[in-house]
Amino acid sequence: MFGTLFGRGVDGSGADPHALRVTRRHRNGTYTLRALGDTRVLALVEAADAGDWEAVKAALIPFDLGRDHQVLGELADLDGVQDWIGRAVAEDKEHRATALLISGARHITWGWEARTAARAVDVTQEQWRIFHERLDLAEEQLLEAAELRPEWVTPWRRLLTSGRGMSLGAAVNETRRDAALRREPLDLETHLEWLSQLQPRWGGEPGQAMAFARDALARAPRGHRLGCVIAMAHIEDWVESDQADCLVDSSIRAELRDAADHSILHPDHLRVPGWQHDFNMFAMALSLAGERHTVRRVFQALDGAYTTWPWTYFAEPEKEFARRQRRS
């Protein structure tokens, strides 16, 4: 039902033939989204978890890893990939670029895992050493992948993350941002990464990120997921603020409603694997703003599908999702 109300499925009909069946819900009706909610992505994750490079390559056939950030993210977040992907880089000359991309993305995530989310002053010298060692390798591999496949967007978006972590400076990161956006001017993940870069905690000026988000939305066609940049910009403002109710404002509610109607709730919106991540961004932003109508439509479309990001800004992310879903 929700496919026809809130956007088309991957086959254009409102139904997703590859939807992963939900086998387990919590008492409150929620469940954590697995493998982007897609059976093909699940097959990919299982192959990678088993360290089976041949099966990984076969499972990647339906996807364009050079443009699909979310599918790449499933591999980057999977513990253990770092143990076998180096062999694929060294031995598979035909698919070297793909192996480099996966390895580079994984080493960035693995580097941040070593650093932890602690404040910089609380990170030990040994943690910093491992962090930089892993990011150094990631940079080398992603730059080679980008050279081998110059049409790819995903290496440049990941290089933005490593560049920020290694404090490479504005000039380097702006060059990487521009490289990504030349290849795909409406790429949401690149915009979200740059949105983070513009936050005061990373050296940006107040209001800079929101201006960037509004300019992006103005360029986005109706139904395009780029509208999520507005939701995330308001979430980032909430993170930066010391006031829990800083988004409770009628103009913010109106802007979020308009952005949702322009993007994820528009009839032309096309759902691809992982679409629930975009809806979770709007669910969090709208609920923080105290919006009561559009947020209900968003939570209805999600039907309990919880994604860790961006709820990790709360102490108990999944409970917060469930509480706000219930209130909606």
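Is glutamate 255 buried or exposed? Select glutamate 255 and check: at 17% relative accessibility, this residue counts as buried. Keep in mind throughout that the model is predicted.

**Stop 1: the glutamate 255 pair**

Add arginine 214 to the selection. The two side chains form a salt bridge, 2.7 Å from N to O. Glutamate 255 sits in helix H13 (residues 250–262) and arginine 214 in helix H11 (residues 208–219), so the pair ties together parts that are 41 residues apart in sequence. The arginine end is less covered than the cut-off for burial demands: arginine 214 is partly exposed, at 44% relative accessibility.

**Stop 2: histidine 234**

Stay here and select histidine 234, in helix H12. Histidine 234 is buried, at 2% relative accessibility. Show what surrounds this side chain. Leaving aside neighbours within four places in sequence, histidine 234 is in contact with Met210, Arg214, Leu247, Ile252, Glu255 and Leu256. Both partners of the salt bridge at the previous stop, Glu255 and Arg214, are in that list.

**Stop 3: H11 against H12**

Now display H11 and helix H12 (residues 228–240) as cartoons. Their axes lie 9 Å apart, and the packing angle is about 170 degrees. The two helices are therefore roughly antiparallel to each other. For the contact itself, pick Met210, Ala213, Arg214, Ala216 and Leu217 on the H11 side. On the H12 side, pick Val229, Ile230, Ala233, His234 and Asp237.

**Stop 4: the cysteines**

How many disulfides are there? The count comes to zero. Select cysteine 228 to look at one of the unpaired residues. Cysteine 228 is in no disulfide, and the nearest cysteine sulfur, in cysteine 246, is 19 Å away. Seen from the other end, the closest cysteine sulfur to that of cysteine 246 is in cysteine 228, and 19 Å is too far for a bond. Compare their surroundings too. Cysteine 228 is buried, at 0% relative accessibility, whereas cysteine 246 is partly exposed, at 25%.

**Stop 5: H10 and its cover**

Select helix H10 (188–197). How many of its 10 residues are buried? The count is 10 of 10, and H10 is mostly covered. Charged and polar residues appear among the buried ones, including Glu189, His191, Glu193 and Gln197. Leu188, Leu192, Trp194 and Leu195 are also among them. To see the cover, switch on helix H4 (69–76), H8, H9, H11, H12 and helix H14 (275–288), which are included in what covers the buried residues of H10.

**Stop 6: H9**

Move to helix H9 (residues 170–183). This helix has 14 residues and reaches 20 Å from its first C-alpha to its last, close to the 20 Å expected at 1.5 Å a residue. Colour its buried residues: Asn173, Arg176, Arg177, Ala179, Ala180 and Leu181. What covers the buried residues of H9 includes H7, helix H8 (154–165) and H10.

**Stop 7: a salt bridge within H7**

Next, find arginine 129 and glutamate 126. Both lie in helix H7 (residues 125–148), three residues apart, about one turn of the helix. An α-helix has 3.6 residues a turn, so residues three or four places apart point the same way. The two side chains meet in a salt bridge, 2.7 Å from N to O. Arginine 129 is partly exposed, at 42% relative accessibility, and glutamate 126 is partly exposed too, at 43%.

**Stop 8: more charged pairs**

Select arginine 106 and glutamate 113. Their side chains meet in a salt bridge at 3.3 Å, N to O. Arginine 106 is buried, with a relative accessible area of 0%. Glutamate 113 is partly exposed, at 42%. Then select Glu54, Lys57 and Asp92, which are linked in a network of salt bridges. The count for the structure comes to 26 salt bridges.

**Stop 9: threonine 294**

Finish at threonine 294, found in helix H15 (residues 294–302). Where do its contacts lie? Not counting residues up to four places away in sequence, threonine 294 touches Arg257, Ala260, Leu265 and Leu286. Draw a distance to leucine 265: the C-alpha atoms are separated by 9.1 Å, with the two positions 29 residues apart along the chain counted as their spacing. Threonine 294 is buried, at 5% relative accessibility.

Definitions and conventions. Residues numbered from 1 in each chain as written. Predicted model: local features only at pLDDT ≥ 70, side-chain atom pairs only at ≥ 80, totals over all residues. Heavy atoms only, no water. Salt bridge = Lys/Arg side-chain N within 4 Å of Asp/Glu carboxyl O. Buried < 20%, exposed > 50% of the residue type's maximum accessible area, 1.4 Å probe, protein only. Helix = DSSP H or I, 4+ residues; strand = E, 2+ residues; numbered from the N terminus. Expected span 1.5 Å × (residues − 1). Contact = heavy atoms within 4.5 Å. Disulfide = S-S within 2.5 Å. Axes fitted to C-alpha atoms, helices over the stretch in contact; angles between N-to-C directions. Parallel < 35°, antiparallel > 145°, perpendicular 65-115°, else oblique.
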